[in-house]
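Work through the exercises below with the sequence and the model open side by side. Try each task before reading its solution.

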Amino acid sequence: MGRLPRAVSITVCFALLLGVAACRNASAETTASAESRAGAPARGQPDAASANAALMVQEGRRIFRFDTFGDEAFWTGVLRLHEPLSQVSPRTALAVGLKVDVDALPRKVVAALKAGRVDLDDPAVTLALLEADAVLGVKGVVEGGALRSIGLTCALCHSTVDDSLAPGVGRRLDGWANQDLNVGAIVGLSPNLEAIADLLSKGGTPVDVATVKVVLGSWGPGMYDAELNLDAKGLRPDGKAAATRIPPAFGLAGVNLHTWTGWGSVPYWNAYVAVTQMRGIGTFFDPRLDDAARFPVAAATGLADVRPGPGQEDLVTPKLGALHLYQLSLRSPPAPAGSFDPGAAASGKALFAGKARCATCHVAPLFTEPGWALHTAAEMAIDDFQAQRSPDGRYRTAPLRGLWTHMKRGFYHDGRFGTLAEVVDHYDRNGIGNGGVPLGLDAGEKAALAEYLKSL
Ligand code: HEC
Ligand code: HEC
């Protein structure tokens, strides 16, 4: 009852959104009428919760896309990344995976781009793109033709574009992992890598700039190490990169634990990233980090309890609510028709829930376990290097929806399996979920499972 009218009135609220106040009024009125009718929203009026959610989602989207939380103090003040970025051509910027939002470009520029009349080798064009707020996740301040500062936002790593105008130029896709972004190469441009070396050295083992360069160079596209400044573990013992794949930030509603190793909830991790990684000005509290044996750098630099400096405003905490709701509102995009074989996927679905035992951990429709979805490295028949860099020392059952959007950098936390066929082989051989007894899948069954995974 009343479904359509409610939706319509939400739209009206959006239309009025120029005036947030108009919506606030609507929600206040609704609160009153809802109370008078014992919780039922008035016919044709958005109920207070819907109106509030609509506002929070709008605000969360703004934060996700554009808020730097004051992190310019680090990226500009300390790493001076604005200096090399102002010399970078659009061609290079696109090559390291930066994405351009076509909707932010003046119509003239779009026309010029279409006609191939934009000089992609001219750094002045990069500046113009930054000035138009068109580079996803990078907030630049351009004054008098010079780049004065840059700051980073969540959109840098957790969004991409649909390439509708050109490769790397198109409409925003919030929540999608940027599999092309070479964070290591970008940070490596900093003229002050000493700052990173000094920071990592605080863990007790001296780290020099040459080592920092090797570590940043080891990541490659689509990868980032969100624990490096806790434990200074730049590389795995076998010499491979210690970074993990950038995961999507959509499809998270209903999922309890986040990150590959289950650090915590979405708002937990958002605060962690905003304060300890992006270096925004805010509060972050996690006494688990006050552990000099496991997290020597975090312990030495006080990451277990970060507060804004004297006289500084907390630019993170007040935003966590809206940011959280926005992320929860981002649905996993359905796999496009034609990107998988429906018949094989249907057989794969039956195997997933039956003989292959996948659904014991990947419980539909979340595709992770409701509850505490963590497993030991031994259960997963892999090494525990990355797991041991997190408080619980385990791997989280990865939610599988929208897998098709992030298949470029391999699978599992570090992309160790190049193809879905390899992933399925790994389960089959090691009898994961089957007490170690191999699953006994034949080639056709394995192919069907892989097809089902592509369809999610
Ligand atoms: C420099 C790239 C980068 C930036 C910027 C970044 N993230 Fe992430 N994000 C990652 C990586 C890498 C992981 C995986 C970390 C891990 O498992 O150790 C991750 C994990 C996450 C997850 C967990 C998803 C899941 O369920 O697995 C969420 C949620 C998230 N980020 C949100 C954010 C928000 C919100 C911001 C802005 C405040 C942000 N991220 C900024 C790279 C980034
Ligand atoms: C014991 C619990 C468990 C069972 C059973 C299980 N998985 Fe997983 N799955 C996990 C965990 C944990 C991860 C994350 C591993 C990592 O990040 O290193 C994962 C990751 C994955 C991934 C990679 C997702 C990504 O984004 O890289 C795929 C694909 C996958 N599982 C498919 C399957 C299939 C197919 C089966 C059945 C043959 C299955 N899983 C059975 C726990 C399980």
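**Exercise 1. Place P365 in the chain, then describe the peptide bond before it.**

Solution. Start with the position. P365 sits in the loop between α17 (342-353) and β11 (374-375). Helices here are DSSP runs of H or I with at least four residues, strands are runs of E with at least two, and both are numbered from the N terminus. Now the bond. From A364 to P365 the peptide is cis, with omega near 0°.

A note on the source: this is a predicted model, in which local features need pLDDT of at least 70 and side-chain atom pairs count only at pLDDT 80 or more, while totals for chains, interfaces and linings use all residues. Residues are numbered from 1 along each chain as its sequence is written, and chains are lettered from A and ligands numbered from 1 in the order in which they are written.

**Exercise 2. Find the loops that hold F69 and R80, and decide for each residue: buried, partly exposed or exposed?**

Solution. Locate F69 first. It lies in the loop between α3 and α4 (72-78). Its phi is positive, about 55°, although F69 is not a glycine. Next, apply the cut-offs: 20 or more other C-beta atoms within 10 Å means buried, 12 or fewer means exposed, and in between is partly exposed, with C-beta atoms placed from the backbone. F69 has 24 such neighbours, so it counts as buried.

Turn to R80. It lies in the loop between α4 and α5 (82-85). R80 also has a positive phi, near 50°, and is not a glycine. With 17 other C-beta atoms within 10 Å, R80 is therefore partly exposed.

**Exercise 3. How do α3 and α16 pack, and which residues meet?**

Solution. Take the geometry first. Helix α3 (residues 48-66) and helix α16 (residues 320-329) have axes 7 Å apart, at an angle of about 95°. Axes are lines fitted to C-alpha atoms, for helices over the stretch in contact, and angles run from 0 to 180 degrees between N-to-C directions. Angles under 35 degrees count as roughly parallel, over 145 as roughly antiparallel, 65 to 115 as roughly perpendicular and the rest as oblique. The pair is therefore roughly perpendicular.

Then list the contacts (C-beta atoms, placed from the backbone, within 7 Å). From α3 come A53, M56, V57, E59, G60, R61, I63 and F64; from α16 come G321, A322, L323, L325, Y326 and S329. By class, the contact holds nine nonpolar, three polar and two charged residues. Ala, Val, Leu, Ile, Met, Phe, Trp, Tyr, Cys and Pro count as nonpolar, Asp, Glu, Lys and Arg as charged, and the others, Gly among them, as polar.

**Exercise 4. Which residues come nearest to each ligand, and which helix gives the most to the shell around ligand 1?**

Solution. A residue is in a shell if its C-beta atom, placed from the backbone, lies within 6 Å of the ligand. Begin with ligand 1. Its shell has 26 residues, and the closest are C154, C157, H258, T259 and W260. Helix α14 gives the most, five residues. The classes are 18 nonpolar, seven polar and one charged.

Move to ligand 2. Of its 27 surrounding residues, C358, C361, Y412, H413 and G433 come nearest. The largest share, three residues, comes from α19. This shell divides into 18 nonpolar, six polar and three charged.

Terms used:
Two residues are in contact if their C-beta atoms, placed from the backbone, lie within 7 Å.
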